[in-house]
Amino acid sequence: MGAYKKTAQRLSQEFKQVKAVVNEFAGEKQGATIDVLNDINARLPLLTEANYATIHRVERLIESAVVTPVSERSKIAAIQRGLEKRAPFHINKNSVADAVIIEQFFEFMSSLNRSCDTCIFVTHNHNDFSSKDHRKPHSDFDEIFSFSNSLYFNNLTPAIDHIDPDLLAEVEFEHDFSEETRGLREILDSMDELVDKVWYNRHQNRIWLIENGEIEIVPEGTERYGSDVIHDHILQGAIKS
């Protein structure tokens, strides 16, 4: 919770700095931009709480995972990929860790019974692992994903759908359903509308009381006040409004 509070405070401070820049340089778009920033800032506590709830769930999943030790074979195979400039070394960066991951996956998959066990590799890191079509693995991994029991996904959702097409509908409803909170701009607009309706209702009631003789119209400057009188210039202003 300490990290949560620090993050919320840091984001709030950054919002103030952004608003200061907008106030100085946004020009004619300043009003609309400030409205958007105020809306996001009002939602910030809810957004950060939701993020930390998600992080907590992910941490629990990681803690319950089965850890597979990295073998010497996987380390050597990863280095060999680097020497041959094969994916994930096809881009100009140090990808040793990614290479070890894919090689350890290959080793784990190779230990399974291919006739009945399926091994699924899921990654959002399409730069290192995917082909131009991010849904498919890079061609340098053909020797790994050419087996029928080896599957590649660039997103967790289709991977889970492959395992159990009916699972996510129930889980998503249980964990992710939430009533969307209204934005600050929408709330302010509703408040303005309510104020207008209350004012209009009171104005109509006053007109009814005037027409029925319960409120007397008196000239401007008349030193009479109370709920049973209204000065003419105030009434004319109310009618115009």
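Colleague: How many aromatic pairs does the count come to here?

Modeller: Seven aromatic pairs. Keep in mind that we're looking at a predicted model.

Colleague: And how do I read a pair of rings?

Modeller: You describe two aromatic rings by the distance of their centres and the angle of their planes. Take Phe-121 and Phe-145: the ring centres are 6.1 Å apart and the planes stand at 65 degrees, so this pair is edge-to-face. The two residues come from distant parts of the chain, with Phe-121 in strand S1 and Phe-145 in helix H6, 24 residues apart. Both Phe-121 and Phe-145 are buried.

Colleague: What does a stacked pair look like, and which residues form it?

Modeller: Stay with Phe-121, which also pairs with Tyr-152. Here the centres are 6.1 Å apart and the planes make an angle of 15 degrees, which is a stacked arrangement.

Colleague: Why does that pair tie together separate parts of the chain?

Modeller: Because Phe-121 belongs to strand S1 and Tyr-152 to strand S2, parts that are 31 residues apart in sequence. Tyr-152 is buried, just as Phe-121 is.

Colleague: Which residues form the aromatic cluster?

Modeller: Phe-105, Phe-121, Phe-129, Phe-141, Phe-145 and Tyr-152 form one cluster. Another ring to look at is that of Phe-147: the charged end of Arg-114 sits over it, 3.8 Å from the ring centre.

Colleague: Let's move to helices. How should I read H4?

Modeller: Start with the general idea: an α-helix has 3.6 residues a turn, so residues three or four places apart point the same way. Now the case at hand. H4 runs over residues 96–110, which is 15 residues, and spans 21 Å from its first C-alpha to its last, close to the 21 Å expected.

Colleague: Which residues of H4 are buried?

Modeller: Asp-98, Ala-99, Val-100, Ile-102, Glu-103, Gln-104, Phe-105 and Met-109. One of them, Phe-105, also belongs to the aromatic cluster.

Colleague: What covers those buried residues?

Modeller: The cover includes helix H3 (72–84), strand S1 (119–122), helix H5 (126–129), helix H6 (142–145) and strand S2 (150–153).

Colleague: Can we zoom in on a single residue of the helix?

Modeller: Sure, try Gln-104 in helix H4. Its relative accessible area is 10%, under the 20% cut-off, so Gln-104 counts as buried. The Gln-104 side chain reaches the backbone oxygen of Pro-69 at 3.2 Å. Setting aside neighbours within four places in sequence, Gln-104 is in contact with Thr-68, Pro-69, Val-70, Ser-71 and Ser-74.

Colleague: What about the loop between H3 and H4?

Modeller: Look at three residues there. Ser-95 sits in that loop and is buried, with a relative accessible area of 0%. Beyond neighbours within four places in sequence, Ser-95 is in contact with Pro-88, Phe-89 and Asp-128.

Colleague: Pro-88 just came up. Is its peptide bond cis or trans?

Modeller: The bond from Ala-87 to Pro-88 is cis, with omega near 10 degrees. Pro-88 is in the loop between H3 and H4 too.

Colleague: And the third residue: is Lys-85 buried or exposed?

Modeller: Lys-85 is exposed, with a relative accessible area of 60%. Lys-85 lies in the loop between H3 and H4, and has a positive phi of about 55 degrees although it isn't a glycine.

Terms used. Residues are numbered from 1 along each chain as its sequence is written. This is a predicted model: local features need pLDDT of at least 70, side-chain atom pairs count only at pLDDT 80 or more; totals for chains, interfaces and linings use all residues. Side-chain values use heavy atoms; hydrogens and water are left out. Helices (H or I, at least four residues) and strands (E, at least two) are DSSP runs, numbered from the N terminus. The expected span of a helix is 1.5 Å times one less than its number of residues. Buried means under 20% relative accessible area, exposed over 50%, partly exposed in between (1.4 Å probe, protein chains only). Contact means heavy atoms within 4.5 Å. Rings of Phe, Tyr and Trp (its six-membered ring) pair if their centres lie within 6.5 Å; planes under 30 degrees apart count as stacked, over 60 as edge-to-face and the rest as tilted. A charge sits over a ring if NZ of Lys or CZ of Arg is within 6 Å of the ring centre and within 35 degrees of the ring normal. A polar contact is a pair of N or O atoms within 3.5 Å; within protein, one must be able to donate a hydrogen and the other to accept it, and residues adjacent in sequence count only if both atoms are side-chain atoms.
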